[in-house]
Amino acid sequence: MKTIIEPFRIKSVEPLRQTTAEERAGLLEEAGYNLFRLRAADILIDLLTDSGTSAMSTEQWAAMMRGDESYAGSDSYFRLKRAADDLMGFRHVIPTHQGRAAERILFSVLCKPGHIVPNNTHFDTTRANIEFTGAQAVDLVKTEAHDTQARLPFKGDMDTEGLERLIEEHGRERIPLVMVTITNNSGGGQPVSMANLEQVRAITQRHRIPFYLDACRFAENAWFIHEREAGYADWTARDIARRMFSLADGCTFSAKKDAFANIGGLLCTNDDRLAQLEEDLLILTEGFPTYGGLAGRDLDAIAVGLTEVLDPNYLQYRIASTAYLGRGISDLGADRGVPIVEPPGGHAIYIDAGRMLPHIPREQFPAQSLAVELYRHAGIRSVEIGSVMFGAHAQHELLRLAIPRRVYTQSHIDYVVEAILEVNSRKERLRGYEITAQPEFLRHFSCQFRPVS
Ligand SMILES: Cc1ncc(COP(=O)(O)O)c(C=O)c1O
């Protein structure tokens, strides 16, 4: 059969609430044109994030009933540790309430002013947590990857020549760790090849710098390697994932992505001394090292998710369904198609709003303008990944349509395609926005805008 179906059936449903375009225009104004400030109940299709928004499986819900809520030494922790050991193989597995908590602890222990942390592309919380310690976060993705239209198989690859130059220029003492984000979320959800991870491993080993993965979407990355990288077609996604983890000294992991959990994260390391320092900090703000800010039942949900996500039927469907949205809005001929970051990524489609709306300068946030209009027109929530999120570090003005795992069906996605094409057909009428109020860090969460008159 050629048709790739959703490899699950639906047992429990949540109604969606319809609103009118007039109602949504009022809600937008009240929210200061910031889609993070809307109530979720006022959204029809929520593509803000794939994080924590997955539908859990019957096995995950069943596992939650087995959750052991003991303060110390809970069975749930040991089930999670077994699942993580079997997949990741790190000596220490420290649960945290989500990925950014793992980042905060890791960077608090390793980074100080004057330090530099390279990554292919830092995610916003990763960058903010590094900068909060006074260190500098540097993005090192290959030059070709900056061209949103280039259809390359591994656009998430780190620029290893740039990494060598950076180490030579600043000295290994100023680089407490090197990170690679798989898949590269802020760079378009693009995968990183095994060959690239091996190169980064070789460089960091030579300079005795710890190498960490930001492993949120490790399973999607593994599937891309299986499909695209020579020599891996016969490998299972699990074996590819194991190989990726074996190259690193540790990882941060948000279980809200590829573990299908609604909350949770992990901080893993092979370094005993570091693990001790991390656990000391963990107790201050997250909790005892066998629960790390989570309920026992959350640990069990993650343990099951870590195994389920590597099912080849799921991964094939996941990557194909994301591409379905991408091809649906872009493959329509030069005039009607919407420019997306090519090729489609694993968890999201990124519209190149800078290219789609050339009449809106980047200081007026073209991707924000598109996000606002998509919500006003069709009740769809998406997120700006550009100058609002990254300020001067933004490489592009992108609008991300992140697809929650196992949540929406093909007809929901057909609706999204239709809505985007309608907005595209009158794109010249979209206007820019200016910021009226903003905090110092992570301004995209709470800043407010007004349309430029
Ligand atoms: C690549 C990447 N790193 C880190 C994080 C932070 O994880 P969390 O949202 O669980 O704090 C995210 C979240 O979206 C992410 O995409």
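How far is an oxygen atom of the ligand from an N or O atom in the side chain of Q98? The distance is 2.9 Å, and the views below show the surroundings of this contact.

This is a predicted model, in which local features need pLDDT of at least 70 and side-chain atom pairs count only at pLDDT 80 or more, while totals for chains, interfaces and linings use all residues. Residues are numbered from 1 along each chain as its sequence is written, and side-chain values use heavy atoms, with hydrogens and water left out.

**View 1. Polar contacts of the ligand (pairs of N or O atoms within 3.5 Å).** A polar side-chain atom of D214 lies 2.7 Å from a nitrogen atom of the ligand, and an N or O atom in the side chain of K257 is 2.8 Å from an oxygen atom of the ligand.

**View 2. The shell around the ligand (residues with a heavy atom within 4 Å of it).** Of the 15 residues that surround the ligand, the closest are R100, N185, D214, S254 and K257. Helix 4 (helices being DSSP runs of H or I with at least four residues) gives the most to this shell, with 3 residues.

**View 3. The second largest pocket, whose space is taken by the ligand.** A pocket here is an open set of points on a 1 Å grid over the protein atoms alone, where a 1.4 Å probe fits, with protein on both sides within 12 Å along at least five of seven lines, and its lining residues have an atom within 4 Å of a point. Of the 26 residues that line the second largest pocket, T49, S51, R100, F123 and K257 are the closest to its centre.

Note on methods: Polar contact = N/O pair within 3.5 Å; in protein donor to acceptor, adjacent residues only side chain to side chain. Sits in = over half its atoms within 2 Å of the grid points. Helix = DSSP H or I, 4+ residues; strand = E, 2+ residues; numbered from the N terminus.
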